[in-house]
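Me: Please take a close look at one part of this model, beginning with a stretch that carries a database annotation, and then go on in one connected answer to whatever else can be said with care about strand pairing, helix packing, aromatic pairs and backbone angles.

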Amino acid sequence: MGFPKLNIIISIFILPSCYGATVFAAAEQENVTEIDIGVIVGNEIQTALELAAEDVNRLLASSQLRLLLHFQDSNGDPIQAASAGVELLQRGIVAMIGPQTSQETGFVAQLCDHAQVPMVSFSATDPLLSSHRCPFFIRLPHSDAVQMRAIAELVKQYGWRKVVAVYADNDYGSGALSSLSESLQAVGSEIAYKSAIPTDANRVFITGELYKLMTMQPRVFVVHMTPELGKGLFSVACEIGMMADEYVWIITDGISTALDAFDASALRSMRGVLGTRSYIPRSAELDNFDSRWKQRLGTQNPGKPGKLSIYTYYAYDAVSMIGSALQKWDNRVFSFSKSPSNGTTELKDVKIFRQGDRLMHLLSQTDFRGLSGHLRVEGGEIAGARYEILNVVGESGYHKVGLWTKGDAGISEDAGNLSRLESVTWPGGSRTVPKGWATPVNRQNVLRIAVPIKRVFNQFVETTPSGKETVVSGGFVIDVFNEVVKRLPYALPYKFIPYRNIKIDDLVLKVFTKEFDAAVGDVSILANRSNYVDFTQPFSESGLVMVVPIKKADSSNAWAFLRPFTLSMWIATFAFFLFTGVVVWVLEHKRNKTFRGNLRNQVLTCIWFSFSTLFFVQRERIVSSLARGVVIVWLFVVLILTSSYTASLTSILTVKQMEPAIADVQSLIGSRAPVGYQKGSFVGRYLQEQLGIHPSQLHDYSSPEDYATALSKGPKNGGVAAIFDEIPYIRVFVSTHCGYTTIGPTYRTGGFGFVFPKGSSFVSDVSKAVLDLSESSEMQRIQNKWFNMTACTKAGAQVDSDRLSMESFWGLYLITGTASIVALLLFVGRQVYGYTRHSSVPSNSSITTHVKSFVNYMDRREPSSPRRKIFRTGQYSNSNYNIGNYNPNDAPEFRTSMEEREMSMRTISTSSASFSQGGCSSGTSSSRRPWVYRSRDVDYIAEEDAQYEGP
């Protein structure tokens, strides 16, 4: 049984250039039927499709499949394209190629979705056309969204911040604008203006539009339109002088792909233009196709040369893609069903391709190398992208100056990589990169900047009278703004307009309502104001502080000796004296007789020992090694404390001391004393809402002189106890008025910033310039110019406390506390170990019994270590002997029992002999005399028989 006959129809839409009909089919096998092909439009594209079909049919010969191309003509009209599409779908086609424009493709793609027929486009670049909207749509050229990322990277590399979009006023031109805007924003640039040129615009219209663009500041133009409209645009631009120095023109592939077809006159008018175009690498297959195409075209149209374009290669690859998918077709089943549509008769006759999903799946798996390069489909698009950067050099044509590549991963957010560009010829023949902006011809575009005028604090904004008007002549804020404008990447013409209303909030509202284009002055950045306007980065130090009078400290006070230490320092010092005494008592109580006795004596000994260390007069002997370590560390701490106290007290009593009249903000709030602030500022509202100060306590003042008067009067004489204001104002005040200082914390605020309307394009540029200025030495120079730091400022800007606090000594207390605790732990551990070894309490006794037993064990005195008596070196006298200096070698050692010692002592007490010099000597007689000595002159050292005395 033979195979059934198959009809595979591929439909192609191309812009009309001539009309005719031809048949492309040959019956080489009995199972293949000849199909008539419609009307031929566009010799270049038709020839490429014929060559592609021939190549594919040779590959499909073994499958007994043959592509039969059927052509239709849309004449560039979307309606005709839709009608032709319906006609073709009624015939039962399995795939669609074309049409040529994005607008036509949008109509036909919806019809193909309805008929479930895959559609392959070789020219549509509209970003709105995608497989998400049209599931059966695939395109070979990259979307304009990808091309706009390449253009944005080009703009970024040259540092241009604003561009003007010049585009054709149709779906093709406007469809790419949103992609261009997003891509530019991603690199920190923006579209400053959009100029729409109708597709049928004449030279008069184009001239008027270009003259309008000449009055604008940006000089970078991105042109996105058809080749014919582009040639007319550049012809006019060259005539009126817009192809001169400082101008930048960038064309998209809508024009750059047709540069090979432009004549010398058109190329001459485009000298210096940059362009982007899809990059197609040269290959042997491409060269072979070019040769075949020229030969075939010459045969079909003798004497009429044609020009190859990128879309010719894409058209060839579109047929190859379908052929590649059909090679994977495992059967020859291509079936259709009737359309379920209840609409017009034409749509009812459209045939639904039942295997459309399967063919679409095979097309989506395309991965081969075509004439245009490596083709791999991802999400209805070709993965990866490469755009070459072209530079038109005049009549001789153009040359490649760079390459932009996008990874094959298909990540839409990928910004791509732009290679280093070669030397570019710019409009006017210059080799210097244009700035991208110029001073506008129309001076009506000058920014109207409001400047708040105050009669005080002239260091910020300075004005001078000029006839009946007031002119802004200088000031810190004005100098900063002028310097910032110099650092902008473009010219910014502006005019200062004095604004006399003292309320800054009213000025902000004027900017919000567009009465002013901006505001420059000592305007604070606040959250509620940012709801209406945009602020730049602050150019001044931010913060709200309190200023109070300085008074002389009274050093003649009877309690002045307490001032060196704060209360917390006194308490901590006293506590550690007691703590150290207790620790030493615990460590010595068990072995040292001095730390034993009744409770009263033990407490007094403990207190006496700890406080006697303050003067290093402690006489109690320490026998425990742990106690000795604790005492050594404590004596070091005492040395530091006494030295610091002595130095501080000396300074207090001998040096003139100044202290603020108010200790801190909390004491001010608690006293409910009157408080002052600057009139017209936000500070009054801040004090009420954030610090809880009652409105009756607040008084507003207008000038630094008012501040000084109110503070000098004080709260009891109709003045105020303190003034709150922002740091820049307070610095001016304390630099010109002595006897005042800032105290307390700094309450964070936004600082001073320049004001622009919401969404203003100047905010980011001015903010960057502010940061650049802040990091330079120029800002310091401006500050020194307007804020002279006098001796008054340096002497009284801030008064530090002269009292020593725990912040300076907590490390010492940490050291001695740690040493004491470690010694206690070691001692207790040793005692617990000894108790467990010698305890006679049964193990099954109650916890209370064990505790009592352990306490008794701790309180019981340990035996003293054995020692022997040796006389101290000294001079003794006896009524019967002249005794010189004591020599240990001459003194006999004696050891007696306890009874003999008591008898000797009684003998000493009853003896009438007395020593007059305190010495001793040995006689020559063989009999021993009892040694008579003062007990206070005896040292107990070495070993001695121990005698347990009990607790």
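Reply: Over residues 629-648 of this predicted model, the chain is 100% helix and 0% strand, and the C-alpha atoms at the two ends of the stretch lie 29 Å apart. The stretch comes from a record: UniProt, in an unreviewed entry, places the feature "transmembrane region" at residues 567-587, 599-617, 629-648 and 810-829. For residues 810-829 the picture is also 100% helix and 0% strand, with the end C-alpha atoms 28 Å apart.

Helix α25, which spans residues 777-786, has Glu778, Met779, Ile782 and Trp786 as its buried residues. These four cover an arc of only 105° around the axis, and therefore they sit on the same side of α25. What covers them includes two strands, β22 (462-466) and β23 (469-474), together with the helices α15 (476-486) and α24 (762-774).

Turning to the strands, there is an open sheet of eight, in the order β9-β8-β10-β11-β12-β18-β19-β20, and its pairing is mixed. The edges are taken by β9 (190-197) and β20 (417-418), each of which has a single partner strand, so that one side of each is left without a neighbour in the sheet. At the β9 edge, β8 (residues 162-168) pairs with β9 in the parallel sense over seven bridges, and within this pairing Ala165 has Lys194 of β9 as its bridge partner. Helix α6 (residues 177-186) packs on the sheet here, touching β8, β9 and β10 (220-224), and its direction makes about 165° with that of β9.

One residue of α6 can be followed more closely, namely Ser179. Ser179 counts as buried, because its relative accessible area is 9% and the cut-off for that label is under 20%. If its neighbours within four places in sequence are left aside, Ser179 is in contact with Pro127, Ala145 and Met148.

Further along the sheet lies β12 (residues 274-278), a mostly covered strand in which five of its five residues are buried. In a regular strand the side chains alternate between the two faces of the sheet. For β12 the two faces are covered alike in that Leu274, Thr276 and Ser278 on one side, and Gly275 and Arg277 on the other, are all buried. The two neighbours of this strand pair with it in opposite senses: β11 (residues 248-251) is joined to β12 by two bridges and runs parallel to it, whereas β18 (residues 385-394) is joined to β12 by five bridges and runs antiparallel. Gly275 takes part in each of these descriptions, since Ile251 stands opposite Gly275 on the one hand, and Gly275 stands opposite Leu390 in β18 on the other.

Aromatic contacts form a separate topic, and with ring centres required to lie within 6.5 Å the count comes to 40 aromatic pairs. In one of them, Tyr494 and Phe496 have ring centres 5.3 Å apart and planes at 55°, so the pair is classed as tilted. Tyr494 is partly exposed, with a relative accessible area of 26%. In another, the rings of Tyr707 and Phe733 have their centres 5.6 Å apart and their planes at 70°, which means that this pair is edge-to-face, the angle needed for that label being over 60 degrees. The Tyr707 and Phe733 pair links distant parts of the chain, with Tyr707 in helix α22 (residues 704-713) and Phe733 in helix α23 (residues 727-736), 26 residues apart. Tyr707 is buried, and Phe733 is buried as well.

Finally, there are two backbone angles to consider. Most residues other than glycine have a negative phi. Gln116 departs from this with a phi near 60°, a positive value in a residue other than glycine, and its place is the loop between α3 (102-115) and β6 (119-121). Lys514 likewise has a positive phi, near 65°, and is found in the loop between α16 (504-512) and β25 (518-519). As to accessibility, Gln116 is partly exposed, with a relative accessible area of 26%, while Lys514 is exposed, with a relative accessible area of 56%.

Notes. Residues are numbered from 1 along each chain as its sequence is written. This is a predicted model: local features need pLDDT of at least 70, side-chain atom pairs count only at pLDDT 80 or more; totals for chains, interfaces and linings use all residues. Side-chain values use heavy atoms; hydrogens and water are left out. Buried means under 20% relative accessible area, exposed over 50%, partly exposed in between (1.4 Å probe, protein chains only). The arc is that of the directions from the helix axis to the C-beta atoms. Contact means heavy atoms within 4.5 Å. Two strands pair if DSSP finds at least two bridges between them. Axes are lines fitted to C-alpha atoms, for helices over the stretch in contact, and angles run from 0 to 180 degrees between N-to-C directions. UniProt positions are given in the numbering used here, feature names are shortened, and annotations may be inferred rather than shown by experiment. Rings of Phe, Tyr and Trp (its six-membered ring) pair if their centres lie within 6.5 Å; planes under 30 degrees apart count as stacked, over 60 as edge-to-face and the rest as tilted.
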